[in-house]
Amino acid sequence: MSGFCIEGGYSFEGEICVQGAKNAVLPILAATIINGGKNVIHNCPRLRDVEKTVDVLRALGCRVVPLGNTLVVDSEPMDKFTIEDSLMRQMRSSIIFLGAIIARCGEAVVSMPGGCEIGIRPIDIHMKALERLGIEITEEHGYILCRAEKLSGAHIHLDFPSVGATENIMLAAVCAEGTTVVTNAAREPEIVDLQSFLRRMGAKVSGAGTSTIEIEGSARLYGVDYTVMPDRIAAGTYLACCGAAGGKILLKNTNPGDMTSTLSCLSGMGAKIRQEKNSVYMSAGKRLKAFGTIRTMPYPGFPTDMQSPFLALGCTASGTGVITETIFENRFQNAEELLRMGADIRVDGKTAVIVGVKRLHGAVVQARELRGGASLVTAALGAEGTTTVMNAEYIDRGYEGFEKNLSMCGAHVARIN
Ligand code: UD1
């Protein structure tokens, strides 16, 4: 078990080159198995979830060679279609392999993903959508068994624009006969990145980024070189860290166009922001204004993954802020820890009311999930005294070189074991 020890009160000054997007690289790595060729994927963040995805690829028979932030995936030798329970449990998003394995093998067996730290996370939307493509699904002893004589294109309307379900359909439909049209599809930038990867390997996909995605199946596919998009959530977290500490930061290798709701919220709080094509500069005074109301929504609304760092930011902003979490039910676990640091937060179901205090103070706090954990570090950077954030492993799931990046901006952060 490791943790972060943070001495608060040092203002920010520096630049960070933002990592590749965790939520984009996972479906792209799953997609490599469809083409049965050699893929070179650049800008892969070095994270535990990416390592687990590599474990899944290897367990399926693919050859994977890591070269720094590049992964070479040869899916030609893939000879299995089952993901064992032990691997599935380590990373819930392995469910994304379902569509890809069926596309390649016509059958797939994966263990039920179950719940996770931020909520129950059911997979009913995935299952209903895959059935529409002609896949027979049964459940046995905690495993999901999928089989398709033939994958056939279909019109699939999603009851909710689930990111994972949209990706699963895109992956399966690439090898279906005929055209698949997904309506009420998720519009997240990571879906656009998956479309770009699929197109590069020869698939005919269009419409990602809008609510309607069209996939014409059965094109000839081949292995490709691809560079993963920048991580908009990691970028937003570093901006929140700068906001909490005060000071200035330059983010490189980032796409401000994917971060509009986050950037406009920070501007509303009084931070000065300058955007260029691939960078964001932000400067913030010692105390920001409260953000008013934040309601998490599917893209292009305010991202659920960003609300935790903003909850931390709201703790010392001047005035009162309200956050309503509409996507995941357990995303206020960090509030309890922030209270230990002197925050004034009241949580009632899906809503948190945050009354800004002048300063938080250091305490020993526990990360219980990825983004909530990052929010505790955010809060600690502006707090008086020393904070120990336990269970850094959760934070390591989403941020490559977190403490190194923060230290390069003048923060005093050390990893402890
Ligand atoms: C992805 C992201 C995650 C982000 C989330 C929402 C990855 C690896 N993870 O997760 O970081 O927070 O999008 O932007 O990309 N739901 C159902 N049934 C389903 C599927 C989803 O009820 O079959 C519900 C979920 O419980 C949740 C909501 O729909 O309440 C959104 O889930 P979804 O968009 O599927 O998120 P993920 O793809 O799991």
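These are my notebook entries on a predicted model, covering its domains, its empty spaces and a few single residues.

**Domains**

I began with the division of the protein chain, which gives domain 1 (3-19 + 230-416) and domain 2 (22-227). I then looked up the contact between them, and found that 26 residues of domain 1 and 23 residues of domain 2 take part in it. For the separation of the two domains I noted that their C-alpha centres are 30 Å apart. Between them, domain 1 and domain 2 bury about 2000 Å², and 49% of this area is on carbon and sulfur atoms. Which three residues supply more than any others of the area that domain 1 buries against domain 2? I have them down as Tyr 299, Arg 397 and Glu 400, which together account for 33% of that area.

**Second largest pocket**

I next turned to the second largest pocket, which holds about 200 Å³ of space. I counted 15 lining residues, and those lying nearest the centre are Cys 17, Val 18, Gln 19, Asn 69 and Glu 400. Glu 400 thus appears in two of my entries, as one of the residues nearest the centre of this pocket and as one of the three named for the area domain 1 buries against domain 2. Sorted by class, the lining comprises 5 nonpolar, 7 polar and 3 charged residues. I also checked where the lining comes from, and both domain 1 and domain 2 contribute at least three residues to it.

**Cavity**

My search for enclosed space returned 1 cavity of 30 Å³ or more, and the volume I recorded for the largest cavity is about 40 Å³. I listed its lining as Gln 333, Asn 334, Glu 337, Gln 366, Arg 368, Glu 369, Gly 372, Gly 373 and Leu 376. In that lining I find 1 nonpolar residue, 5 polar and 3 charged. Two helices, H11 (333-340) and H12 (370-382), each provide at least two of the lining residues.

**Helix H10**

Is helix H10 (residues 304-314) largely enclosed or largely open? I noted that 11 of its 11 residues are buried, so the helix is largely enclosed by the rest of the structure. The buried residues run from Thr 304 to Gly 314 and include Asp 305, Gln 307 and Phe 310.

**Single residues**

I placed Thr 388 in strand E23 (residues 386-390). Thr 388 counts as buried because its relative accessible area is 17%, which is under the 20% limit. Apart from neighbours within four places in sequence, I found Thr 388 in contact with Phe 4, Ala 363, Val 364, Val 365 and Ile 416.

I placed Asn 278 in the loop between strand E16 (272-276) and strand E17 (279-284). With a relative accessibility of 44%, Asn 278 is partly exposed. Its contacts, leaving out neighbours within four places in sequence, are Leu 251, Lys 252, Asn 253 and Thr 254. I also compared Asn 278 with Gly 164, which is 114 residues away along the chain, and their C-alpha atoms are 27 Å apart.

My last entry is on Arg 132, which belongs to helix H5 (residues 124-132). Setting aside neighbours within four places in sequence, I recorded contacts of Arg 132 with Ser 152, Ala 154, His 155 and Ile 156. From Arg 132 to Met 297 I noted 165 residues in sequence and 26 Å in space, C-alpha to C-alpha.

Methods
Residues numbered from 1 in each chain as written. Predicted model: local features only at pLDDT ≥ 70, side-chain atom pairs only at ≥ 80, totals over all residues. Heavy atoms only, no water. Helix = DSSP H or I, 4+ residues; strand = E, 2+ residues; numbered from the N terminus. Buried < 20%, exposed > 50% of the residue type's maximum accessible area, 1.4 Å probe, protein only. Contact = heavy atoms within 4.5 Å. 1 Å grid on protein atoms, 1.4 Å probe; cavity = no way out; pocket = protein on both sides within 12 Å on 5 of 7 lines; lining within 4 Å. Points joined across faces, edges and corners; volume = space filled by probe spheres on them. Nonpolar A, V, L, I, M, F, W, Y, C, P; charged D, E, K, R; others polar. Domains from an automatic or database assignment. Buried area = accessible area lost by both parts, 1.4 Å probe.
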